[in-house]
Structures are given as C-alpha cells and as structure tokens.
Amino acid sequence: MKHEPIPLDYCGDCNYYLNNPIHLQEVRQAIQKTRNSTPGADGITAKWFKKLSITDLTNITYFFQEVFSTSYIPEEWKHSIIVPVPKPNKDKSKINSYRPIALTSVFSKIFERILIQRITHHLLIGKKVPPSVNSFLPLTDNQLAVYKIHTTITEAHGHKKYFPGISLNIKSAYDSVYIDGLILKCLRLGIYGNIIKVLHSFLQDRTIQVRWSNSLSKTKTVQKGLPQGSVVSPILFVCFLSDFLKRLM
C-alpha cells in the first residue's frame, strides 16, 4: 500500500518551537519521564539511560537532532514485539481472551517524548483542540470528564430540562487511523516542517513480531494505524479526532 503524496514541506519554518534544534535539557526531561518498563527488541532499558553521563547525553542529543533534521527513523524504532497477555477470568483457548501488549524501543520513546512536549505545547498555546478533550493533555483525565458531565446534568435538572447524551465506542481506535489523513489533519492544525516529516516517517512501514513463550513469529509490515505501545500515539489520536470533536460542539 503506497502512501499518497502530501505537501510535507509546506510552511516549514513558520513555527520555530516545533522545529527548533533539540536541546540537551529536552533529552534529560524526556529520560526522566520515561518509565522503567519492559524494553523493546534492542533490550536497552530506561534505567540505562538514566545512568548516563552528561557527555553521553550530549552525544544522544546530537543523534536525536540528526534524526530530526533528516527525518530518517532507525528501523529498530519502528519495530514492536507483541506479547499476548491473558485477560482475567477468560477462556485462554480463545484469541479474544488476550490483550496485546506492545514492547517498543525505549530509545524511541525518549525521542517521542520530545515530540509530544512540542506538539502538546503547540496545541494548547494555539487553542487548536476543543476544551471538551479530557484525555492525553496536561491537567485532564477521566475524572474531569465525569465531573463535567455530572455538573451539566445537575444544571439541566435544576432548570427542569433534559440532558441528551451520546456514547460512542470506536472499535480498534488506533488501528483504524488512516495515516495520510492524520498527517493532513496535523498540517491543518499548524504542525509543519521537519516535525511532520519525522512523524510521517515514524508511522510508515512499521514492523511487528508476536512473542509467544520463548518463540518469535515472522516479521510483518504494518501500513496503517497508530502503533500500540508508542508514547506519541495518544496525542496523535487527539489530532486525528480534533475536527470531529469541534463539529460536535
């Protein structure tokens, strides 16, 4: 499946914050925020990064900047190992009784966190997403969403009015994302320049393997959807749904 040509160079220098050179402080903050979870295929853990010297971190910063400026994503960063984890109290003989957990490169996650910080700042400062978004953004969570709903229902009841509610469950939400459509929506949100090139490269031609016990399946290429286990996927999903959410308001 070939990707449609998209004007990735459009207005490449119009947002300096999104596209300025990567700084050492960004790398250090990204490492601090990275959890000590199971590593990807390369076996490099977050603990290893947290013990590095300033000299090592400086070299990593240079490497990240090279990736950012060339938009070349290492193949290891685009590879995921899928581990099926059984759901509690489910029949283990059925495939839908397992939850797939994706293990991805910690090296990649650190780089992704730098992108997340920049994209989130851009979306919030520019008020690019509607205030109804209550997830994947700073100071938002499910409890805030519940509070808003409860408050609205209470106010409607106090004025003797009805409050209509619609519940929408998107099946396989990440897997359903059309990559080229996502990139186009990011451009419309003002996410231009090298950062959009990097994201496009990151999402293309990803590979997965399934680990069962001590065995690995053959490698399969994935051409659509947001990668499970990637820390940048949630904020990109917000970008993908942003225009839909605005129309609901």
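The paragraphs below lead from the overall fold of this predicted model to its helix packing, its nonpolar core and a few individual residues.

Residues are numbered from 1 along each chain as its sequence is written, and side-chain values use heavy atoms, with hydrogens and water left out. Because the model is predicted, local features need pLDDT of at least 70 and side-chain atom pairs count only at pLDDT 80 or more, whereas totals for chains, interfaces and linings use all residues.

The protein chain contains nine helices and five strands, where helices (H or I, at least four residues) and strands (E, at least two) are DSSP runs numbered from the N terminus. Along the sequence these elements follow the pattern α-α-α-α-β-β-α-α-α-α-β-β-β-α, and the C-alpha trace spans about 65 × 55 × 40 Å along its principal axes. Of the 249 residues, 42% are buried, a term that stands for under 20% relative accessible area, with exposed meaning over 50% and partly exposed in between (1.4 Å probe, protein chains only). Among the contacts with a separation of 6 or more, 72% join residues that are 24 or more positions apart, contact meaning heavy atoms within 4.5 Å.

A useful place to enter the structure is helix α4 (residues 54-70), which packs against helix α5 (residues 106-125) at an angle of about 65°, with the two axes 11 Å apart. Axes here are lines fitted to C-alpha atoms, for helices over the stretch in contact, and angles run from 0 to 180 degrees between N-to-C directions. The helices α4 and α5 are therefore roughly perpendicular to each other, on a scale where angles under 35 degrees count as roughly parallel, over 145 as roughly antiparallel, 65 to 115 as roughly perpendicular and the rest as oblique. Their crossing is right-handed, meaning that the near helix is turned clockwise from the far one by less than a right angle, whereas an anticlockwise turn would be left-handed. From α4, the residues Ile60, Phe63, Phe64, Val67 and Phe68 meet Phe107, Ile110, Phe111, Ile114, Leu115 and Arg118 of α5. By class, this contact of α4 with α5 has 10 nonpolar residues, no polar ones and one charged residue, with Ala, Val, Leu, Ile, Met, Phe, Trp, Tyr, Cys and Pro counted as nonpolar, Asp, Glu, Lys and Arg as charged, and the others, Gly among them, as polar. An α-helix has 3.6 residues a turn, so residues three or four places apart point the same way.

Helix α4 also meets α8 (194-203), and here the axes come within 7 Å and cross at roughly 90°, so that α4 and α8 are likewise roughly perpendicular to each other. Val67, Phe68 and Ser69 of α4 meet Asn194, Ile195 and Val198 of α8, a contact made up of four nonpolar, two polar and no charged residues. Helix α8 itself is mostly covered, with eight of its 10 residues buried, among them Ile195, Val198, Leu199 and Leu203. It is followed by Asp205, whose phi is positive, near 50°.

The largest nonpolar core has 53 residues, and those with the most contacts inside it are Phe64, Phe111, Leu182, Ile191, Ile235 and Leu236. Such a core is a set of buried Ala, Val, Leu, Ile, Met, Phe, Trp, Tyr and Cys residues joined through side-chain atoms within 4.5 Å. The elements that give two or more residues to this core are α2 (24-33), α3 (46-50), α4, α5, α7 (179-188), α8 and α9 (233-248), and α5 gives the most, with nine residues. Leaving aside neighbours within four places in sequence, Leu236 is in contact with Leu182, Cys186, Leu199, Leu203 and Leu226.

Several individual residues complete the picture. Ile60, in helix α4, counts as buried at 11% relative accessibility and, apart from residues up to four places away in sequence, touches Val27, Phe49, Leu52 and Phe107. Ile60 and Val27 are 33 residues apart in sequence but 8.0 Å apart in space, C-alpha to C-alpha. Thr34, in the loop between α2 and α3, is buried with a relative accessible area of 4%, and touches Ala46, Lys50, Val106, Ile110 and Arg113, again not counting residues up to four places away in sequence.

Two further loop residues have positive phi without being glycine. Ser71, with a phi of about 65°, lies in the loop between α4 and β1 (79-86) and counts as buried at 12% relative accessibility. Lys127, with a phi near 50°, lies in the loop between α5 and α6 (142-158) and is exposed, with a relative accessible area of 71%.
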